[in-house]
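Welcome! Take a moment to turn the model around on your screen, and then let us walk through it together.

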Amino acid sequence: MDTTQTSRFRKMKPVRRMVPFPKIMKKMRKNWKMLFLTGVFILGTLCGVILNSTSSQTVSDKLASILKSYMEARNTESFFMGFLHSMLSSFILAVITFFMGLSSFSVPFIVLIPYIRGLGVGMLAGFLYSTYALKGVGYCMLMIIPYTTISVLALILCCRESMRMSIEISRVFKKNNAKSSLKGDFKLYCARFGAFMVIFILAALVDAFFSSAFAHFFVF
């Protein structure tokens with residue numbers, strides 16, 4: 001090997017790792033609430049699927065009846081009414097989560113919200129697949145997953161913010177300056193929930209669009 005090639009190799013910089021492990025761990029620690037709540041939702045979904053697979057015929061018949069009534073309603077309602085129905089369910093969860101965040105001991109109950117949401121999604125998805133096979137999968141892909149993905153993201157953001165506020169209230173109440181310390185936090189809390197409601201509105205619009213466009217293709 002000549003001296004020219006040797007000098008070139010000496011000047012070459014060492015190849016950096018594409019994704020440094022310490023940076024990943026730092027980001028995970030920073031966003032541990034989001035990761036934890038997402039994991040709780042996934043756990044709830046899996047439990048819902050398992051619960052559906054072990055449920056009795058009576059429960060399956062009840063789910064089929066509820067689904068049929070729901071589909072009949074969605075096939076006849078307008079885009080605007082579909083949007084309102086989707087928005088109402090999201091609004092109720094957001095309000096519950098908002099007020100839970102104003103308590104200093106509500107963190108365990110806040111964690112239950114994504115779990116219960118996942119439980120419902122898992123039971124419905126498991127029932128559709130086990131009962132209607134590919135047709136059920138198609139329904140999930142078009143009628144459940146688009147809306148659920150966006151609305152659950154907004155719900156997890158709400159739960160994360162609610163947990164933060166609840167923990168902050170718990171810390172402040174251990175001191176003697178509660179009012180002045182929480183004023184700025186409460187304003188930020190309200191502003192963030194306002195932003196999360198925009199995501200819920202987007203989810204409701206997506207749900208209304210997919211329902212008006214594809215609901216009539218599914219008759220159970």
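## One helix and its cover

What covers the buried residues of α3? In this predicted model, the cover includes α4 (57–76) and α6 (107–172). Helix α3 itself runs over residues 32–53, which makes 22 residues. From its first C-alpha to its last, α3 reaches 32 Å, close to the 32 Å expected at 1.5 Å a residue.

Now look at which parts of α3 are hidden. Its buried residues are K33, M34, L37, V40, F41, G44, T45, G48 and N52. These residues cover an arc of only 140° around the axis, so they sit on the same side of α3. If you turn to the other side of α3, you will find I50 and S53, which are exposed.

## An unusual spot in α6

Next, find A133, which lies in helix α6. The phi angle of A133 is positive, at about 55°, although this residue is not a glycine. Is A133 buried, exposed or partly exposed? With a relative accessibility of 40%, A133 counts as partly exposed.

## Aromatic rings

How many aromatic pairs are there? The count comes to ten. One of them joins F210 and F214, with 5.7 Å from centre to centre and 35° between the planes, so the pair counts as tilted because this class takes in angles from 30 to 60 degrees. Both F210 and F214 belong to helix α7 (residues 178–214), where they are four residues apart, about one turn of the helix. F214 has a relative accessibility of 25%, so this residue counts as partly exposed.

There is also a group of rings to look for: F98, F99, F186, Y189, F193 and F196 form one aromatic cluster. Try colouring these residues in your viewer.

## Cysteines without a bridge

A disulfide is a covalent bond between the sulfur atoms of two cysteines. How many disulfides does this model have? The count is zero. Take C158, which is in no disulfide. The nearest cysteine sulfur to C158 is that of C159, 6.8 Å away, whereas a disulfide needs the two sulfur atoms within 2.5 Å.

Where do the cysteines sit with respect to the surface? C158 has 0% relative accessibility, so this residue counts as buried. C140 is buried too, with a relative accessible area of 11%, because buried means under 20%.

How values were computed:
Residues are numbered from 1 along each chain as its sequence is written. This is a predicted model: local features need pLDDT of at least 70, side-chain atom pairs count only at pLDDT 80 or more; totals for chains, interfaces and linings use all residues. Side-chain values use heavy atoms; hydrogens and water are left out. Buried means under 20% relative accessible area, exposed over 50%, partly exposed in between (1.4 Å probe, protein chains only). Rings of Phe, Tyr and Trp (its six-membered ring) pair if their centres lie within 6.5 Å; planes under 30 degrees apart count as stacked, over 60 as edge-to-face and the rest as tilted. Helices (H or I, at least four residues) and strands (E, at least two) are DSSP runs, numbered from the N terminus. The expected span of a helix is 1.5 Å times one less than its number of residues. The arc is that of the directions from the helix axis to the C-beta atoms. Contact means heavy atoms within 4.5 Å.
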